[in-house]
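The exercises below are meant to be worked with the sequence and the coordinates open side by side. Each begins with a task and is followed by a solution that goes step by step.

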Amino acid sequence: MNRSTSVVLGRDIRIMCGVKTIGGIEVTFQWSRYHVPIVSNKHVKITRTESMDRLSKTSDMRGYLTITNAQYSDSGLYTCQIVGTKRIIDSKHVMVKVKGKQYTLNVWSRGKQLVLFFRES
């Protein structure tokens with residue numbers, strides 16, 4: 001299932017995908033943009049978390065892709081592949097759109113303040 005989300009230019013965005021496993025199955029999260037693998041750097045960071053329920057022997061695993069200071073060039077189709085032992089368990093897709101900044105203009109008219117909002121597109 002494809003999702004879409006947007007982020008304001010210059011803001012950070014975090015995308016998550018996750019899976020619940022039984023019996024200690026190890027998974028990895030492989031992120032790509034338009035099918036080109038993504039490697040962590042200062043601008044794009046890949047992280048993961050895992051919490052285990054010892055009683056039910058299930059693990060809740062989550063992979064995150066964080067884009068810092070989003071730019072127009074960060075817009076695009078991102079894919080997270082959840083990979084188990086030698087096979088893809090699931091794939092999640094999200095279309096990210098970077099939108100213009102929002103500006104606020106305070107205007108005084110007849111002793112009253114009017115606040116106007118403008119957004120770049």
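**Exercise 1: Thr58 and its surroundings**

When neighbours within four places in sequence are set aside, Thr58 is in contact with Lys20, Thr21, Ile22, Ser51, Met52 and Asp53. The model is a predicted one.

Task: determine in which strand Thr58 lies, whether Thr58 counts as buried or exposed, and with which side chain the side chain of Thr58 makes a polar contact.

Solution. Step one is to place the residue, and Thr58 is found in strand E6. Step two concerns burial: the relative accessibility of Thr58 is 16%, and because buried means under 20%, Thr58 counts as buried. Step three turns to polar atoms, where the side chain of Thr58 makes a polar contact with the side chain of Ser56 at 2.9 Å.

**Exercise 2: Thr21, seen from the other side**

Task: locate Thr21 in its strand, and list what Thr21 is in contact with beyond its neighbours within four places in sequence.

Solution. Thr21 belongs to strand E2, which spans residues 13-22. With the sequence neighbours within four places left aside, its contacts are Val27, Lys57, Thr58, Ser59 and Met61. Thr21 has a relative accessibility of 5% and therefore counts as buried.

**Exercise 3: the hairpin of E5 and E6**

Task: state how many bridges join E5 to E6, and which residue in the hairpin takes a positive phi.

Solution. Strand E5, residues 44-53, is joined to E6 by 10 bridges, and the two strands run antiparallel. One of the pairs can be checked directly, since the bridge partner of Lys45 in E6 is Thr66. Between the strands of this hairpin there are four residues, and Lys57 takes a positive phi near 60°.

**Exercise 4: Trp31 and the largest nonpolar core**

Task: identify which residues of the largest nonpolar core touch the most other members, and then describe the setting of Trp31.

Solution. The largest nonpolar core has 21 residues, of which Ile15, Phe29, Trp31, Leu65, Tyr78, Ile82 and Val96 touch the most other members. At least two residues of this core come from each of E2, strand E3 (28-33), strand E6 (58-67), strand E7 (76-83) and strand E8 (88-99). E2 gives the largest share, four residues.

Trp31 itself sits in strand E3, and its relative accessibility of 4% is why Trp31 counts as buried. Beyond residues up to four places away in sequence, Trp31 touches a set of residues including Ile15, Pro37, Ile46, Leu65 and Thr79. Trp31 and Thr79 are separated by 48 residues in sequence, yet their C-alpha atoms are 5.6 Å apart in space.

Technical notes: Residues are numbered from 1 along each chain as its sequence is written. This is a predicted model: local features need pLDDT of at least 70, side-chain atom pairs count only at pLDDT 80 or more; totals for chains, interfaces and linings use all residues. Side-chain values use heavy atoms; hydrogens and water are left out. Buried means under 20% relative accessible area, exposed over 50%, partly exposed in between (1.4 Å probe, protein chains only). Contact means heavy atoms within 4.5 Å. A nonpolar core is a set of buried Ala, Val, Leu, Ile, Met, Phe, Trp, Tyr and Cys residues joined through side-chain atoms within 4.5 Å. Two strands pair if DSSP finds at least two bridges between them. A polar contact is a pair of N or O atoms within 3.5 Å; within protein, one must be able to donate a hydrogen and the other to accept it, and residues adjacent in sequence count only if both atoms are side-chain atoms.
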